[in-house]
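Work through these exercises with the structure open beside you. Try each task before you read its solution.

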Amino acid sequence: MAQMIVHNARITTLDRARPTARAMAIRHGMIVAIGDDAEVMTLRDAGTQVIDAGGRRLIPGLNDSHTHLIRGGLNYNLELRWDGVRSLADAMAMLKAQVGRTPAPQWVRVVGGFTEHQFAEKRLPTLDEINRAAPETPVFILRLYDRALLNRAALRAIGYDRSTQNPPGGLIERDKAGNPTGLLLAKPNALILYAALAAGPRLPEEYQINSTRQFMRELNRFGVTSVIDAGGGFQNYPDDYRIIRKLHEEDRLTVRIAYNLFTQNKGGELADFRRWTGMVQPGAGDAMLRHNGAGEMLVFSAADFEDFREPRPDLSPTLESELEPVIRLLATERWPFRIHATYDESISRILDVYEKVNEEVRFDGLRFIIDHAETISPRNIDRVKSLGGGIAIQHRMAYQGEDFVDRYGTDAALATPPVQRMLDTGVPVGAGTDATRVASYNPWVALYWLVSGRTVGGLRLYDENNRLEREQALRLWTEGSAWFSGEDQVKGVLGTGRYADFAILSADYMTVAEAQIKDLSSLLTVVGGRVVHAAGPFGPLAPDMPKPMPDWSPVAHFGGYQAPALSAVRITAATAHDCCRVHGHDHAAHHAVPTQDLRGFWGALGCSCFAF
């Protein structure tokens with residue numbers, strides 16, 4: 001008999017043989033029946049947990065095919081997220097409130113996931129504004145991988161002064177006297193931004209465990225049940241994977257993770273992969289945590305940075321000679337691999353190497369991924385398909401589209417990336433976010449971008465030739481992404497014999513107004529038949545969750561992604577005080593939160609006092 005039955009649901013199965021259903025039965029983490037209410041209810045007994053979906057839309061769990069959960073989790077509790085904030089005034093109010101509670105020597109960090117185009121003011125804060133808001137507490141604000149804004153306290157903490165030299169590919173802006181102003185620019189190498197951020201204090205292990213759990217719960221809040229982790233700068237293997245392994249051993253993961261290994265050693269990339277191929281094999285692990293291969297950094301000479309405010313970088317003439325032995329090793333060892341490649345010019349050179357190696361060591365079904373591919377040409381899409389690879393796309397253009405148009409023009413932006421052409425060609429395509437630093441981890445912003453063709457600032461990038469129907473966009477976030485970890489037989493579609501990973505949505509993705517797609521969330525998220533997030537009418541099913549650590553964490557006071565503007569909200573001081581008294585919340589912190597962000601703020605605390 002079933003351990004869990006969900007019924008009275010509008011289920012989008014994505015199974016072409018049975019695209020819709022009303023009920024689903026689950027046992028031992030797998031779907032054992034799916035169909036109408038009457039047939040599924042025959043599997044109910046006294047021990048079955050029965051959940052009435054109330055006629056809501058139920059979809060397969062979302063799967064981010066390119067993100068940085070493991071690194072992001074270690075730092076999530078330290079970060080003030082401007083994801084979703086609608087105005088710079090509100091963002092700065094959050095910053096000032098966080099400065100007031102952050103103890104020395106800690107920093108206030110706004111680490112990506114936003115762009116000035118989402119603000120009503122259409123600008124970033126000035127250095128003077130940041131210094132006035134935080135005269136003594138170090139502040140670091142990362143704008144994509146284009147620039148970082150540091151106040152004077154942060155410059156002192158890092159040790160930047162007039163004698164500090166510009167690193168290769170980076171620029172420290174200076175005043176007339178030669179002193180750093182606080183503006184760091186990638187020109188176009190983002191290493192200067194990585195290095196400055198890495199200088200900040202880290203959380204102790206106990207807090208990193210808590211931070212990773214908070215971040216996974218935040219992803220669950222949006223219906224994410226799986227990710228493919230692409231490593232990242234300063235994410236060293238195996239040391240920086242200790243926390244995620246510990247959580248896995250203790251059965252506390254709430255997101256399935258397939259992880260790729262990202263070399264950190266310029267000039268030593270081949271040595272890294274030789275060592276790692278002797279340590280771990282692709283697929284090692286289990287359904288919750290498993291190794292997925294190499295990348296997204298394979299060799300430093302092949303990495304083209306996606307800073308559209310800068311000209312396209314010409315990659316090193318050593319690319320081919322350095323990449324070839326790495327690809328030959330990976331192909332020989334049957335390690336799947338992925339590579340960061342923004343521009344078609346870079347992809348052409350990379351595919352030249354792949355084709356050469358394939359003549360000697362046949363790929364023969366070995367999965368490889370071209371990541372990002374904003375300007376990939378039809379010819380190179382065909383070459384990827386011919387070699388048996390796939391393309392992982394992300395909604396970076398939703399955050400950088402205005403910059404791309406300013407440099408290359410409206411016509412050039414019409415297919416960036418050319419998703420519809422990829423699908424027409426038949427190449428495997430999976431969708432993701434590239435969170436947390438480049439774009440927000442919110443999958444519904446990415447789905448809105450795929451469907452509407454608009455940036456978060458409202459600019460229409462694509463015409464109907466490169467916009468997707470809603471079901472097709474959802475497939476890229478489920479069935480499509482599952483191919484990239486070799487799990488397409490158990491993930492991405494709701495059917496018998498597949499993982500019981502699903503989400504019941506806050507509104508019907510298939511029918512809500514297009515503009516409302518980006519504001520969707522999950523009311524109930526289930527991974528392997530286990531509830532990992534519940535809200536609203538399903539709130540009593542929510543699993544216990546510790547409070548964010550430390551107590552001054554921005555997550556404890558603001559949550560993560562900020563809710564949409566709610567101009568109709570009216571909350572009196574007395575009502576807010578009663579809420580704080582009943583729930584033990586920080587009353588002073590509530591009044592530092594802009595009105596339009598209150599839903600996300602109280603929602604993160606599990607508060608249901610107000611009918612938003």
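**Exercise 1. Start at one residue pair.** Find the bridge partner of Val 526 in S23, then describe how S22 and S23 are joined.

*Solution.* The model is predicted, so treat each position as computed.
Step 1. Look across from Val 526: its bridge partner in S23 is Val 531.
Step 2. Count the bridges. Four join S22 to S23, and the two strands run antiparallel.
Step 3. Look at the turn. Two residues lie between the strands of this hairpin. Gly 528 takes a positive phi near 60 degrees there.

**Exercise 2. Cross to the other side of S22.** Which residue of S22 is the bridge partner of Ile 504, and how many bridges join S21 to S22?

*Solution.*
Step 1. The partner of Ile 504 is Leu 524.
Step 2. Strand S21 (residues 502-505) pairs with S22 over four bridges, in the antiparallel sense.
Step 3. Check the cover. Six of the six residues of S22 are buried.
Step 4. Find a helix on this part of the sheet. Helix H7 (residues 205-221) lies across S22 (522-527) and S23. H7 runs at about 85 degrees to S23.

**Exercise 3. Build the whole sheet.** Give the strand order and name the edge strands.

*Solution.*
Step 1. The order is S3-S2-S7-S21-S22-S23, an open sheet of six strands with mixed pairing.
Step 2. The edges are S3 (20-21) and S23 (530-534), each pairing on one side only.
Step 3. Find a parallel pair. S2 (residues 10-12) and S7 (residues 57-60) pair in the parallel sense over two bridges. Here Arg 10 has Arg 57 of S7 as its bridge partner.

**Exercise 4. Describe a helix pair.** At what angle do H10 and H11 pack, and how far apart are their axes?

*Solution.*
Step 1. H10 (residues 319-333) and H11 (residues 344-360) pack at about 45 degrees, with axes 9 Å apart.
Step 2. Because of that angle, H10 is oblique to H11.
Step 3. The crossing of H10 past H11 is right-handed.
Step 4. List some contact residues. H10 gives Leu 323 and Ile 327, among others, and H11 gives residues including Val 353 and Tyr 354.

**Exercise 5. Follow Tyr 354 into the core.** Which residues have the most contacts inside the largest nonpolar core?

*Solution.*
Step 1. They are Leu 298 and Tyr 354, in a core of 105 residues.
Step 2. Helix H15 (residues 443-452) gives the most to this core: eight residues.
Step 3. Look around Tyr 354. Its contacts beyond four places in sequence include Leu 298, Phe 337, Phe 363 and Leu 387.
Step 4. Now find a second, separate core. This one has 25 residues, including Phe 119 and Phe 558.

How values were computed
Residues numbered from 1 in each chain as written. Predicted model: local features only at pLDDT ≥ 70, side-chain atom pairs only at ≥ 80, totals over all residues. Heavy atoms only, no water. Core = buried A, V, L, I, M, F, W, Y, C linked by side-chain atoms within 4.5 Å. Buried < 20%, exposed > 50% of the residue type's maximum accessible area, 1.4 Å probe, protein only. Contact = heavy atoms within 4.5 Å. Pairing = 2+ DSSP bridges. Axes fitted to C-alpha atoms, helices over the stretch in contact; angles between N-to-C directions. Parallel < 35°, antiparallel > 145°, perpendicular 65-115°, else oblique. Left-handed = near helix turned anticlockwise from the far one by under 90°.
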